[in-house]
Amino acid sequence: MTMLVAALVAALAGGSSGSAAAPASPDLSTYVQQTPRCTATVTRCFGVHMHLVVDGGAAIQTVEWVSSQIAEANARFATIDVNFEIVAADALPAADREIDDRAERDALGDPHFSRGVAHVFVVGRLADVDIAGSEIRGVHWRFRKDRSRRWVILSKIAGALTLAHELGHFFGLPHSDYDESVMNKTPRAAWLTGELSFAKPEFARMRSHRDRMVREGMLVDRTGPEGQPAAKPGQG
């Protein structure tokens, strides 16, 4: 009997030591510290709260990929005196890796939503809810129970201009037919990616929505008292 008990204890101990520990959440501070900041040439600086799926101990996308998304958005929004910078980054569970339907889009953002910043979620796969079996690169999503609550979801396959496109929606733009616009979803062989921006009428609408969002507290301007961008986290 004593030998049987000892064998059971040894087996349990062996099974425990052989099982893999749950991967620790990675340090996501580099997504704040090593991504583009608002420049001194713009008068409005808005914060982005980044939420990234973590699977197997690693974030679903790299700091370099996120930096490219922010840099491309900043280059285009500078025309309306707007830049963005990441002010917080946190981990989403691996269960959020694939977002398959409208209910999951609601459930992804609702617990994290707050006013004052733009919330951006990065996932592994974002299904097209209108075409079965298809996936998309990004979406500006409004919570269906309260459409004033809204956020951006990016797939890890998003191209460099996807965030700029979705933030265009965040700033009040629909899809458009302007050849030069990132809001035009039609493939255009004559336009290089780096040449795409927003059309003049779109900039006017974006300025109006920018001012309204600031008045209503949807976005909070982070510029300092002299109009300079706020210091990086840990500075000043």
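In this predicted model, strand E8 and strand E9, the latter spanning residues 150–155, are paired in the antiparallel sense over 5 bridges. Within this pairing, His140 stands opposite Val152 of E9. Strand E8 itself covers residues 138–142, and 4 of its 5 residues are buried, so the strand is largely enclosed by the rest of the structure.

**Strands E5, E1 and E9**

Strand E9 has a further partner in strand E5, to which it is joined by 4 bridges, and these two strands run parallel. Here the bridge partner of Val120 is Val152 in E9, the residue that His140 also stands opposite. Strand E5 pairs in addition with strand E1, in the parallel sense and over 5 bridges, and in that pairing Val48 has Ala118 of E5 as its bridge partner.

The table sets out these strand pairings together with one that belongs to another sheet, taken up further below.

| Strands | Sense | Bridges |
|---|---|---|
| E8 and E9 | antiparallel | 5 bridges |
| E5 and E9 | parallel | 4 bridges |
| E1 and E5 | parallel | 5 bridges |
| E4 and E6 | parallel | 2 bridges |

How many of the residues of E5 are buried? The count is 6 of the 6, so E5 is largely enclosed by the rest of the structure. Ala118, Val120 and Val122 point one way from the strand, while His119, Phe121 and Val123 point the other way, and all of them are buried.

Two individual residues add detail to the strands that pair with E5. Ser155 is found in strand E9, and because its relative accessibility is 0%, it counts as buried. When its neighbours within four places in sequence are left aside, Ser155 is in contact with Trp65, Val123, Gly124, Arg125, Leu126, Glu135, Ile136 and Arg137. Val54 has its place in strand E1, which spans residues 44–55, and with a relative accessibility of 12% it too counts as buried. The C-alpha atom of Val54 is separated by 5.9 Å from that of Leu92, although the two residues are 38 residues apart along the chain. Leu92 is also among the contacts of Val54 once neighbours within four places in sequence are left aside, the others being Pro26, Ala59, Ala91, Pro93 and Ala94.

**The sheet of E4, E6 and E7**

An open sheet is formed by 3 strands in the order E4-E6-E7, with mixed pairing. Strand E4 (98–99) and strand E7 (135–136) stand at the edges with a single partner strand each, so one side of each is left without a neighbour in the sheet. Strand E4 is joined by 2 bridges to strand E6, residues 125–127, and the two run parallel. In this pairing, Glu98 has Arg125 of E6 as its bridge partner; Arg125 also appears among the residues in contact with Ser155.

**Helix H5 and its packing against H3**

Helix H5 covers residues 162–170, and since 9 of its 9 residues are buried, the helix is largely enclosed by the rest of the structure. Which elements do the buried residues of H5 pack against? They pack against helix H3 (63–77), strand E3 (82–92), strand E5 (118–123), strands E8 and E9, and helix H6 (200–216). Just after H5, Gly172 takes a positive phi of about 95°.

Helices H3 and H5 pack at an angle of about 50°, and their axes are 7 Å apart. That angle makes H3 oblique to H5, and the crossing of the two helices is right-handed. From H3 the contact is made by Gln69, Ile70, Ala73, Arg76 and Phe77, and from H5 by Thr162, Leu163, Ala164, Leu167 and Gly168. Divided by character, the residues of this contact comprise 6 nonpolar, 3 polar and 1 charged.

**The loop between H3 and E3**

Asp81 lies in the loop between H3 and E3, and its relative accessibility of 32% means that it counts as partly exposed. Its phi is near 60°, a positive value in a residue other than glycine. As background to that value, most residues other than glycine have a negative phi.

Conventions: Residues are numbered from 1 along each chain as its sequence is written. This is a predicted model: local features need pLDDT of at least 70, side-chain atom pairs count only at pLDDT 80 or more; totals for chains, interfaces and linings use all residues. Side-chain values use heavy atoms; hydrogens and water are left out. Buried means under 20% relative accessible area, exposed over 50%, partly exposed in between (1.4 Å probe, protein chains only). Two strands pair if DSSP finds at least two bridges between them. Contact means heavy atoms within 4.5 Å. Axes are lines fitted to C-alpha atoms, for helices over the stretch in contact, and angles run from 0 to 180 degrees between N-to-C directions. Angles under 35 degrees count as roughly parallel, over 145 as roughly antiparallel, 65 to 115 as roughly perpendicular and the rest as oblique. A crossing is left-handed if the near helix is turned anticlockwise from the far one by less than a right angle, and right-handed if clockwise. Ala, Val, Leu, Ile, Met, Phe, Trp, Tyr, Cys and Pro count as nonpolar, Asp, Glu, Lys and Arg as charged, and the others, Gly among them, as polar.
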